[in-house]
Structures are given as C-alpha cells and as structure tokens.
Amino acid sequence: MVVINPMHETRKRDHIELAQNAQTVRALVNQRFNYEPLLSGHPGEKSDISINFLGKKLDAPLWISSMTGGVGEARHINQNLARLCREFNLGMGLGSCRSLLESNQYFEDFNLRPIIGPDLPLYANLGIAQLELILRENKTHKISELCKKLQVDGLFIHINPMQEWFQVEGDHFQQSPLETLTLFMSQFQKNEIKIIVKEVGQGMGPLSLKSLFELPIDAFELAGFGGTNFSKLEVLRSKALSQENYVDSRSPLFNVGHTPLEMIDFINALGEKNPQIKNLPLIISGGIENFLDGHYLRSRSNNPSVYGHANKFLSFAEDYELLKKFTDEQISGLKMAKSFLTLKEVL
Ligand SMILES: Cc1cc2nc3c(=O)[nH]c(=O)nc-3n(C[C@H](O)[C@H](O)[C@H](O)COP(=O)(O)O)c2cc1C
C-alpha cells in the first residue's frame, strides 16, 4: 500500500491553488546578478560571511548606522540595537552624542559598551558644527573625555550643511568642514581613537571625497541619497512647528545629492588614481533596501566594506524579536546571494 504523506498532499494542493498568483513579470527580472544554480550547495552552518572591519571581527558585513539618544524611547531602542550587535556580532554607530558634551543626563541612552561587550565596534558621533565650536573654544579634551566615558573605538563626524540649513535651530558653519576636519586631525591624537566621516543621507560629490581622502581618516560612511533624508525631515519639522503659516520654497534643495552607487563609482575612480584609497574601509549606506542591494553595492566597490541601515533597523528596533527576525533574514539572504549569485558585467 502506498502511504501518502498528508504534508505532501497539502503542498501539492497549495501549488495548484497558488500557481495563478505566482506569475512573474519579465521586466522585473533582476538585472544586477547572474544566477548560478549549479555552482554551490545551500549555505549551511559553516557558511562564512564574516569580515574583519576596523580591527574587529563581524559575523556579517552589516552595520547599524548612527541614530538616536537623548529622548524617552531612545534608550530602549539603543539597548535593543546593542543587544542585536552582541547576538549577531555586528557593529554600530551611536546617534549624535552632542548632549553628552554638556551633561550626563542622557548618558544611559548611549552607554552601550556594557551591552555590546568589548569585542565589537561601537562608535560615538558628533556633528561638524560641534567640532568647529570645540576647536574654536580649544576644548578637544572634551572629545577624548566623551570617547573614554562611552568606551568607544572611535568617533563618527557627520557633515551635514544641508540639514543644518533646513533645520529651524540649525548651526551655520563659519568655515568649511574641510578646514575644520584638517585642523581637528592636526590637533587630535590620531592614534587615540579612530575617525570615521559621514553625511546624513545626501551623500557627497567627487571633489569633497577627493579632499576628504587626503586626510588621515580611518573609514568613510557614504550615507548617500535615496533613503532617510534629513533635509526633508527638517522641512517636515518646520512645517509642523509653524503649522498653517508655513511657506517653503527651499525644498528643491533637498533633492540634491548622490546615491551610494554613484558614490561608489566616484570612489573606485579615485582609487584608480591613488591605490591607497582602495584600502579605506567603507560603510555603504543611504536607502539600502535589503541584503541584495547591500550585496550588490559591496560587490561593486573596490574597497573593503560593510553595508549599513539606519531606518530599516529603526522600524523594528522597539521589538527585539522582530529586530532579530529581520536581521536573521538579512544574514541568511546574504549567504544565499554569496552562494548562487555573481555580479553581471557592468557595461
Ligand atoms: C532616526 C534617525 C536618526 C539619525 N540620527 C543621526 C545622527 O545623530 N548622526 C548621524 O550621523 N546620522 C544620523 N542619522 C542618519 C543615518 O545614520 C544614515 O546616514 C541615514 O539615515 C541614511 O540611512 P538610511 O537610509 O538607512 O536611513 C539618523 C537617521 C535616522 C533614521
């Protein structure tokens, strides 16, 4: 007698019922990768996508980009993100630590080293406007103190002239960020902490990248255009603050910027002229949709890299189980991509 497994019958019935809805659209075929089903087994326990990044080992090339701190719900969010890093061996940047320069009121929001542990990358974050002020007041010791009390590996410096300009209470720079960074690098003990420079969602053009890479920075985060855009966010804030009297004719400016792919092309071109640039670690971020997007952009880059999300992690960050599921899926997706996909030749 043939015994039919009920699961088998259910599956076959599902196939018949769902086939109509499972039609694909030819125009939507992924143009970025060749699919090579013959060349690998399924990624198993031993599949390794770990990477040494900025002197520490990550289990996957995935980064939690700088976000929050200093407001009610931020502590819970940050603690969940740090717990996630610990569980999956990932790295993260803190949101702007500006408030800690003046007071320890929100210290616990940022005090993630005890959660993330000693072995994973954790970086503080300050804006170039604060850096300009700190240098003007001759107070670089405040940065050393900040990094020491947070026990971080280094500092992100975000460069955000467009956001500051749109922000109702924004700071206006008195000199170029390049001048501020150059002065900072010449005064600050380079070996004391690592320095990573980033934008906040607008990216940077080739001239800025070229001059930035002449400085002794340790890594660069793209924070390119196409995801969270802080200029747009500040326009939304000022709209809400001034309510019905709101007029804004500045908005076209928030659509300027560079996508991560465009920036990778700029950086690859710079690396052809100056091979040292090819060694600079990158965090590829700014509207990265998912692991496939991240895998593609990393494959296109000639530099050692990880990819980062801010908003995607934020959308799950209040619920640890969801955050964990999201991350698990990203990592298993990355492993599948590594096993079965190769980059299509760029024409
Ligand atoms: C809620 C939120 C807060 C952020 N705060 C900071 C910040 O304090 N400092 C910073 O450098 N970037 C900050 N960012 C920008 C991100 O680090 C990242 O560069 C940008 O959001 C693009 O990534 P995404 O498109 O994946 O969100 C923030 C982003 C979000 C979503």
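This briefing describes the overall form, the strands, several loop residues and the ligand surroundings of one chain.

The model is predicted. Its secondary structure amounts to 15 helices and 12 strands. The chain has a radius of gyration of 22 Å, close to the 20 Å that the globule rule gives for 347 residues, so it is as compact as a globular protein of that length. A ligand is present, and 24 residues surround it.

**Overall form**

- The C-alpha trace of the chain spans about 90 × 50 × 45 Å along its principal axes.
- Of the 347 residues in the chain, 37% are buried.
- When contacts between residues at least 6 apart in sequence are considered, 78% of them join residues at least 24 apart.

**Strands β5 to β7**

- β5 and β6 run parallel and are joined by two bridges; M92 has L122 in β6 as its bridge partner.
- Strand β6 covers residues 122-127, and six of its six residues are buried, so it is largely enclosed by the rest of the structure.
- In a regular strand the side chains alternate between the two faces of the sheet.
- In β6, L122, A124 and L126 point one way, while Y123, N125 and G127 point the other way, and all are buried.
- β6 also pairs with β7 in the parallel sense, over five bridges; here the bridge partner of L126 is I157 in β7.

**Strands β7 to β9**

- β7 and β8 run parallel, joined by five bridges, and F156 stands opposite I196 in β8.
- Strand β8, residues 194-198, is mostly covered, as five of its five residues are buried.
- K194, I196 and K198 point one way from β8, whereas I195 and V197 point the other way, and all are buried. The two lysines named here, K194 and K198, are thus among the buried residues of the strand.
- Three bridges join β8 to strand β9 (residues 219-221), and these two strands run parallel. K198 stands opposite E221 in β9.
- A right-handed β-α-β unit is made by β8, helix α10 (residues 206-212) and β9.

**Two buried loop residues**

- G95 lies in the loop between β5 and α3 (99-102). With 23 other C-beta atoms within 10 Å, G95 is buried, because the cut-off for burial is 20 or more.
- Leaving aside residues up to four places away in sequence, G95 touches S66, M67, T68, G69 and N125. One of these, N125, is also a residue of β6.
- G95 and Y123 are 28 residues apart along the chain, and their C-alpha atoms are separated by 9.1 Å.
- I159 is placed in the loop between β7 and α8 (161-166). I159 is buried as well, with 26 other C-beta atoms within 10 Å.
- Not counting residues up to four places away in sequence, the residues that I159 touches are I128, P177, V197 and E199. V197 is one of the residues of β8.
- The C-alpha atoms of I159 and L181 are separated by 9.9 Å, with their positions 22 residues apart along the chain.

**Two residues with positive phi**

- Most residues other than glycine have a negative phi, and most peptide bonds are trans.
- N89 has a positive phi of about 55° although it is not a glycine. The residue sits in the loop between α2 (74-88) and β5 (91-93).
- N89 has 17 other C-beta atoms within 10 Å and is partly exposed.
- N138 likewise is not a glycine, yet has a positive phi of about 60°. The loop that holds N138 runs between α6 (128-136) and α7 (141-150).
- N138 counts as exposed, because it has 8 C-beta neighbours inside 10 Å and the cut-off for exposure is 12 or fewer.

**The ligand surroundings**

- Among the 24 residues that surround the ligand, the closest are H158, A223, G227, T228 and A310.
- By type, the residues of the shell divide into seven nonpolar, 15 polar and two charged.
- Both β7 (154-158) and α14 (311-316) supply at least two residues of this shell. The largest share, three residues, comes from α14.
- β7 therefore has a part in the ligand shell, and β7 is also paired with β6 and with β8.

Terms used: Residues numbered from 1 in each chain as written. Predicted model: local features only at pLDDT ≥ 70, side-chain atom pairs only at ≥ 80, totals over all residues. Near = placed C-beta within 6 Å. Helix = DSSP H or I, 4+ residues; strand = E, 2+ residues; numbered from the N terminus. Nonpolar A, V, L, I, M, F, W, Y, C, P; charged D, E, K, R; others polar. Rg over C-alpha atoms; globule rule 2.2 N^0.38 Å. Contact = placed C-beta atoms within 7 Å. Pairing = 2+ DSSP bridges. Right-handed = clockwise from strand over helix to strand, strands pointing away.
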